[in-house]
Amino acid sequence: MNKKIWISSPHLSGNEIKYIQDAFNENWVTNIGENIDCFELDLKSYLGTAQEVVALNSCTSALHLALVQCGVGYGDEVICQSLTFSASANPILYQGAIPVFVDSEVDTWNICPKFLEEAIKDRIRNGKKPKAIIAVHLYGTPFKVDEVLEVANRYGIPIIEDAAAALGSSFKGQKCGTFGRFGTLSFNGNKIITTSGGGALICRSEEDKKKAIFLATQARDDAPHYQHSEIGYNYKMSNISAGIGRGQMEVLAKHISLRKNMNAFYCDIFSKVDGVTVFKILDENYYSNSWLSTILIDPSRNKGKTREDFRLFLVAQNIESRPLFKPMHLQPIFERYPYYGGDVAATLFEKGLCLPSGSNLTDEDRDRLKSAIHKFF
Ligand SMILES: *Cc1c(COP(=O)(O)O)cnc(C)c1O
């Protein structure tokens, strides 16, 4: 059997182990230490604006803390993009709050500003103004930042950016994760850089950062004994994981350019295939880190062949691919909550597929991918 080609697998620089060794040498095998401080500073300077960064154990934790810090509590409503990973929406339920899902628009596949406004207006008419908006930079593509911020600001609702997949992406030259009241990043094993599992909360002030660390370390009051007046969490990143993160920051730019090469590889192949389109960003205002390359397959122009037929064909060649996210409003756990929009997200799910996009794919892998694509279409 051929070796498996993954959609996106960890790609290490080799320097990670040096930072881990430092942590061992100095016995900082805990959730404080130099690797954490330096990794947070690396991220802060990379993001480029006056932001504070807190390294956490996942992006899910970061989203949860952002909701807590936006004051979201039991019975509150939070708007969330429907076409996303469930981790964007789960923390709303952790808070006992109610998710309100909004459809995507076709240009970026992210939250539709028109349906967003329709949702806000209708929720206000129903008696509750949403407490926050979770907007996602899906697959590394920036959402329509100007339009979405304009609507959110007009109603005075804070934006929480799920930039889990968008480290390195930007809009009009400003990095994703730095537009909202809070931004969140993921360093899960399949993301553009990894800490083996981890995330970060991007804050607008030192005060927000302090509060996030307080909440992430069991909310201990200032006392010699363990004293607590708020619910706390155990969400900090370990100093070992942060060592991996430091090594990965050194190769982030390289990873982006290698993933862009993968995207160009697919654009080239599929330009000659009828009925398949590779996702492309809208214009030069948008810059994507090209985390995942995605395609839409139109069966009516492909002798009836669907994205599922293609996915199964790839499975047989030991090549991993995955349908685009099944929208949250169609998920058993979320389908009873309000939804605003049409069938954009549902159609993307039906036609879309994520293809192997890793920065560590080889010429041999690309040859296999190319011949598989030619054989199928
Ligand atoms: C990966 C991902 C997450 C979750 O990140 P974790 O670090 O695994 O918690 C959330 N949202 C999106 C859009 C993601 O792609």
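## Around the ligand

Let's start at the ligand: one of its oxygen atoms sits 2.7 Å from an N or O atom in the side chain of serine 186. Keep in mind that this is a predicted model. Threonine 60 makes a similar kind of approach, with an N or O atom of its side chain 2.5 Å from an oxygen atom of the ligand. Glycine 198 comes in through its backbone instead, where an N or O atom lies 3.5 Å from a ligand oxygen. How much of the ligand does the protein bury? Taken alone, the ligand exposes 390 Å², and 92% of that is buried by the protein.

Zooming out a little, 14 residues surround the ligand. Thr60 and Ser186 are among the closest, and Cys59, Asp162 and Lys191 join them in that group.

## The largest pocket

Now for the empty space. The largest pocket holds about 570 Å³, and its lining is made up of 33 residues. Those nearest its centre are Phe85, Asn190, Lys191, Trp291 and Phe325. Two elements give two or more residues each to this lining: helix H3 (59-69) and strand S13 (322-323). H3 has the largest share, at three residues.

What sort of residues line the largest pocket? The split is 16 nonpolar, twelve polar and five charged. As for where it sits, the largest pocket lies between domain 1 (16-249) and domain 2 (252-376), because both of them give residues to its lining.

## The second largest pocket

Next comes the second largest pocket, with about 240 Å³ of space. Here 16 residues form the lining, and Asn263, Phe279, Ile281, Ser288 and Ser290 are the ones nearest the centre. By class, you get seven nonpolar, seven polar and two charged residues.

Which elements supply at least two residues each to this lining? They are helix H9 (252-270) and strand S12 (293-297). H9 gives the most, with three residues. On the domain level, domain 1 (16-249) and domain 2 (252-376) each contribute at least three residues to the lining of the second largest pocket.

## Putting it together

One name to look for in the viewer is Lys191: it is among the residues closest to the ligand, and it also counts among those nearest the centre of the largest pocket. The two domains come up for both pockets, with each domain giving residues to the lining of the largest one and at least three residues to that of the second largest.

Conventions
Residues numbered from 1 in each chain as written. Predicted model: local features only at pLDDT ≥ 70, side-chain atom pairs only at ≥ 80, totals over all residues. Heavy atoms only, no water. 1 Å grid on protein atoms, 1.4 Å probe; cavity = no way out; pocket = protein on both sides within 12 Å on 5 of 7 lines; lining within 4 Å. Points joined across faces, edges and corners; volume = space filled by probe spheres on them. Helix = DSSP H or I, 4+ residues; strand = E, 2+ residues; numbered from the N terminus. Nonpolar A, V, L, I, M, F, W, Y, C, P; charged D, E, K, R; others polar. Domains from an automatic or database assignment. Near = heavy atom within 4 Å. Polar contact = N/O pair within 3.5 Å; in protein donor to acceptor, adjacent residues only side chain to side chain. Areas by Shrake-Rupley, 256 points an atom, 1.4 Å probe, with all protein chains shown as cover.
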